[in-house]
Structure formats: C-alpha cells, structure tokens
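Me: I have a model open and would like to go through its side-chain environments and contacts. Could you take my questions as they come?

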Amino acid sequence: MSTTTNLLLLLILSSSIQYSSADAGFIATTCNQTPHPAICVSILESEQQSFTAVNARALAWIAYNITATHTSGTLAVLNNLLALHDGEPIAAPMEVCVQLYGRAAEDLTVAGENMTVEAYVEAAKRVDDARGAAGLCEEAFGMEFPSPVTAENRVVNDDCSVTFDLLGMLSR
C-alpha cells in the first residue's frame with residue numbers, strides 16, 4: 001500500500017474510534033437517567049446500532065427490538081422444549097409459559113405500534129405486561145421442576161425493564 005493509502009486508512013480508523021467513544025458516552029448518559037443504568041448500558045451496547053443513535057427515542061427503539069427478538073426467541077425455545085417433552089409432566093408448566101410468551105409477543109407488537117405514534121405511556125404499559133411473562137413463567141415450574149428457561153426469563157425481564165425505563169423517559 002502507498003503511504004497516502006495508509007494515512008487515509010489511519011485517519012478513517014481513528015475517526016471511527018472517536019465516533020464510537022462519543023456514542024458510548026451518549027448511551028451511558030442516557031442510561032444513567034434510568035433506574036437500572038448498568039443493565040441498560042449492557043443491553044444497548046450489545047447492539048451495534050446503539051452506537052449510532054442520536055437520541056433517547058432511537059435507543060428506546062433499539063431496546064424494544066432487542067426485547068421483541070429475545071421474547072420471540074424464548075417462545076421458540078419453549079415450543080421446541082414442549083415438542084421434546086410432549087406428554088411428560090414437565091410439559092404442563094411449559095404450556096403455561098408458551099401461553100404467557102405468546103401474550104407477551106402480542107403485547108410487544110402493540111407496544112411497537114404505540115411507539116410509532118409516540119404513545120409512550122401506552123407502549124410502556126404493554127412492555128410492562130410483557131415483562132410479567134418472564135416471572136410468571138419461572139413461577140410456573142415451581143418447586144417441582146427446575147425451569148429450563150431461567151436464563152432466557154432473566155434476559156427478557158431485563159430487556160423489558162430497560163425498554164420500560166427508556167419509554168418512561170420519553171413520556172415525561
């Protein structure tokens with residue numbers, strides 16, 4: 001490579017590093033305004049798009065998309081587990097969880113529609129309802145069976161909490 005090409009490449013790389021640092025600061029500043037700043041930063045920084053967000057609304061959409069993806073992924077895991085354990089006693093709590101996560105996915109769809117029209121209070125209510133699926137699913141297994149989706153339930157709970165918090169900021 002020529003010297004000019006190397007310098008140009010170095011300039012581009014250093015610009016993108018500075019740009020990412022500034023955006024990480026924006027994420028942290030925004031998340032510090034929520035009740036769960038560390039979880040908020042962790043979740044948002046897991047998605048590369050967050051580093052190009054220019055306002056809290058964009059971060060809320062990113063958090064929402066993460067939440068919707070993890071919720072539908074958990075529903076898919078539960079459906080697969082249910083198929084594997086059909087007819088077994090553990091299938092009963094799995095069926096409860098499938099119903100809960102099905103409703104959560106519906107709630108999140110409505111939340112997205114509410115966000116589109118900037119009805120953030122209504123969107124936050126739907127996200128909060130969806131968050132309930134994680135805890136209720138965990139409880140469905142009770143003491144009789146260890147939950148096979150504890151990790152997924154924690155992720156969905158945290159995702160919903162962050163999305164709810166960011167929507168709360170937007171509704172002020």
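Me: Is Asn114 buried or exposed?
Reply: In this predicted model, Asn114 has a relative accessible area of 17%. It counts as buried because the cut-off is under 20%.

Me: Which helix is Asn114 in, and what is it in contact with beyond its neighbours within four places in sequence?
Reply: Asn114 is found in helix α4, which covers residues 91-116. Beyond those neighbours, it is in contact with Ala119, Glu122, Ala123 and Arg126.

Me: Arg126, then. Which residue does its side chain meet in a salt bridge?
Reply: Arg126 meets Asp107, with an N to O distance of 2.8 Å. Asp107 lies in helix α4 and Arg126 in helix α5, so the salt bridge ties together parts that are 19 residues apart in sequence.

Me: And how accessible are Asp107 and Arg126?
Reply: Asp107 is buried, at 13%, whereas Arg126 is partly exposed, at 30%.

Me: How many salt bridges does a search of the whole structure find?
Reply: The search finds four. Among them is the pair Arg57 and Glu118, whose closest N and O atoms are 3.7 Å apart. Arg57 lies in helix α3 and Glu118 in the loop between α4 and α5, so this pair connects parts 61 residues apart in sequence. Both partners are partly exposed: Arg57 has a relative accessible area of 38%, and Glu118 has 46%.

Me: What about Lys125, which residue does it bridge to?
Reply: Lys125 forms a salt bridge with Asp129, the closest N and O atoms being 2.9 Å apart. Both residues lie in helix α5, four residues apart, which is about one turn of the helix. Residues three or four places apart point the same way because an α-helix has 3.6 residues a turn. Asp129 is partly exposed, at 34% relative accessibility.

Me: Changing topic: how many aromatic pairs are found?
Reply: The whole structure yields one aromatic pair. The ring centres of Trp61 and Tyr64 are 5.5 Å apart and their planes are at 85 degrees, so the pair is edge-to-face. Trp61 and Tyr64 are three residues apart in helix α3. Trp61 is partly exposed, at 26%, while Tyr64 is buried, at 10%.

Me: Which residue lies over the face of Phe164?
Reply: Arg131 does, at 4.9 Å from the ring centre.

Me: Now the core. How many residues are in the largest nonpolar one?
Reply: The largest nonpolar core has 47 residues, and those with the most contacts inside it are Leu44, Phe141, Leu166 and Leu167. Helices α1, α2, α3, α4, α5 and α6 each supply at least two of its residues. Helix α3 gives the most, with eleven residues.

Me: Leu44 is on that list. What does it touch, leaving out residues up to four places away in sequence?
Reply: Leu44 touches Ile27, Cys31, Ser50, Leu59, Ile62, Ala63 and Leu166.

Me: Ser50 among those? Where is it placed?
Reply: Ser50 is in the loop between α2 and α3. Ser50 counts as buried because its relative accessibility is 0%. Not counting residues up to four places away in sequence, Ser50 touches Ile27, Leu44, Leu59 and Ile62. Its C-alpha is also 8.3 Å from that of Ala24, and these two residues are 26 apart in sequence.

Me: Lastly, what span does α6 reach?
Reply: Helix α6 has 21 residues and reaches 30 Å from its first C-alpha to its last, close to the expected 30 Å. Its buried residues include Val156, Cys160, Leu166 and Leu167.

How values were computed. Residues numbered from 1 in each chain as written. Predicted model: local features only at pLDDT ≥ 70, side-chain atom pairs only at ≥ 80, totals over all residues. Heavy atoms only, no water. Buried < 20%, exposed > 50% of the residue type's maximum accessible area, 1.4 Å probe, protein only. Contact = heavy atoms within 4.5 Å. Core = buried A, V, L, I, M, F, W, Y, C linked by side-chain atoms within 4.5 Å. Expected span 1.5 Å × (residues − 1). Phe/Tyr/Trp six-rings, centres within 6.5 Å; stacked < 30°, edge-to-face > 60°. Lys NZ or Arg CZ within 6 Å of the ring centre and 35° of its normal.
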